[in-house]
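Colleague: Could you take me closely through one part of this model, namely how its residues pack in the interior? I would also welcome a careful account of what surrounds that part.

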Amino acid sequence: DYIIKDPEKFRDKNVVISGGGDSALDWTIFLAELAKSVTLVHRRSSFRGHLDSVQKVTELAATGKINLITNSEVTGLKGSEKLDSVDITNFDTEGITHLEADYFIPLFGLSPKLGPLKNWDLNLHKESITVNPLDCSTNIPGIYAVGDINDYPGKLRLILCGFHEATMMVQSAYKYINPDKNLVLKYTTV
């Protein structure tokens, strides 16, 4: 699984979640009350999620409601008709733990990669495209970048911000494509 559509299917099952961001933490917290067992595996000892979620997961681990395995990664899946177990390799000891599992949920998030865009002569900052924060335009007219792939002063990497950037970009792109037309915006409540 990668997208959880029906959490009820995890009831009374052994679930292994891999990841260290908000999705992995949130689903670990939620499934701790539903599943037979929940094991969270993360490749680091620290997490990238919200502090409140990190604290809740730490408390769940301390009270034995979940298993927390850090500095490790899932390196094998075993089973024939269905998943039976996972192999977890510890980075420090290189030891492998075999863990019974009915479900494996990888929640690694996305990491923007520029790929061939690096050769487009766009202004770059690290692995991001530098844009004008007013409309997400790049240094090349007619090319825009929205979401986690762009960068500007004060950039927040939140889904909400990506929607806002896309809205500003579409308005600017419309004006770029149709310089002689007026863009008529309506309220979302109309």
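Modeller: I will begin with a single residue of this predicted model and work outwards: leaving aside neighbours within four places in sequence, serine 53 is in contact with Leu25, Asp26 and Ile29. Serine 53 belongs to helix 2, which covers residues 51-62, and with a relative accessible area of 10% this serine is buried, because the cut-off for that term is under 20%.

From there one comes to the largest nonpolar core, which has 19 residues, and among these Val15, Ile17, Leu31, Leu40 and Ile105 touch the most other members. At least two residues of this core are supplied by each of strand 1 (14-18), helix 1 (22-31), strand 2 (37-41) and helix 2. Leucine 40 shows the surroundings in detail: when residues up to four places away in sequence are not counted, leucine 40 touches Ile17, Gly19, Ala24, Leu25, Thr28, Phe47, Val57, Asn67, Leu68 and Ile69. Leu25 thus appears both in that list and among the contacts of serine 53. Another core, of 12 residues, lies apart from the largest one, and its members include Leu114, Leu122, Ile149 and Met169.

Turning to the strands, one finds an open sheet of 3 strands in the order 8-9-10, with mixed pairing. Strand 8 (124-125) and strand 10 (150-151) stand at its edges and have a single partner strand each, so one side of each is left without a neighbour in the sheet. Strand 9, residues 128-130, runs parallel to strand 10 and is joined to it by 2 bridges, with threonine 130 standing opposite aspartate 151 of strand 10.

After strand 10, the loop that leads to helix 3 (159-177) holds leucine 158, which counts as partly exposed because its relative accessibility is 48%. Together with Leu156 and Leu160, Leu158 makes a nonpolar surface patch of about 330 Å².

A further pairing is that of strand 4 (residues 72-78) with strand 5 (residues 85-90), which run antiparallel and are joined by 6 bridges; in this pair serine 72 stands opposite asparagine 90. The two strands form a hairpin with 6 residues between them, and in the turn glycine 79 has a positive phi of about 155°. As general background to both pairings, the strands of a sheet pair through backbone hydrogen bonds, either parallel or antiparallel.

Definitions and conventions: Residues numbered from 1 in each chain as written. Predicted model: local features only at pLDDT ≥ 70, side-chain atom pairs only at ≥ 80, totals over all residues. Heavy atoms only, no water. Pairing = 2+ DSSP bridges. Helix = DSSP H or I, 4+ residues; strand = E, 2+ residues; numbered from the N terminus. Patch = residues over 30% accessible without salt bridge, like charges linked within 9 Å, V, L, I, M, F, W, Y side chains within 5 Å. Areas by Shrake-Rupley, 256 points an atom, 1.4 Å probe, with all protein chains shown as cover. Salt bridge = Lys/Arg side-chain N within 4 Å of Asp/Glu carboxyl O. Buried < 20%, exposed > 50% of the residue type's maximum accessible area, 1.4 Å probe, protein only. Contact = heavy atoms within 4.5 Å. Core = buried A, V, L, I, M, F, W, Y, C linked by side-chain atoms within 4.5 Å.
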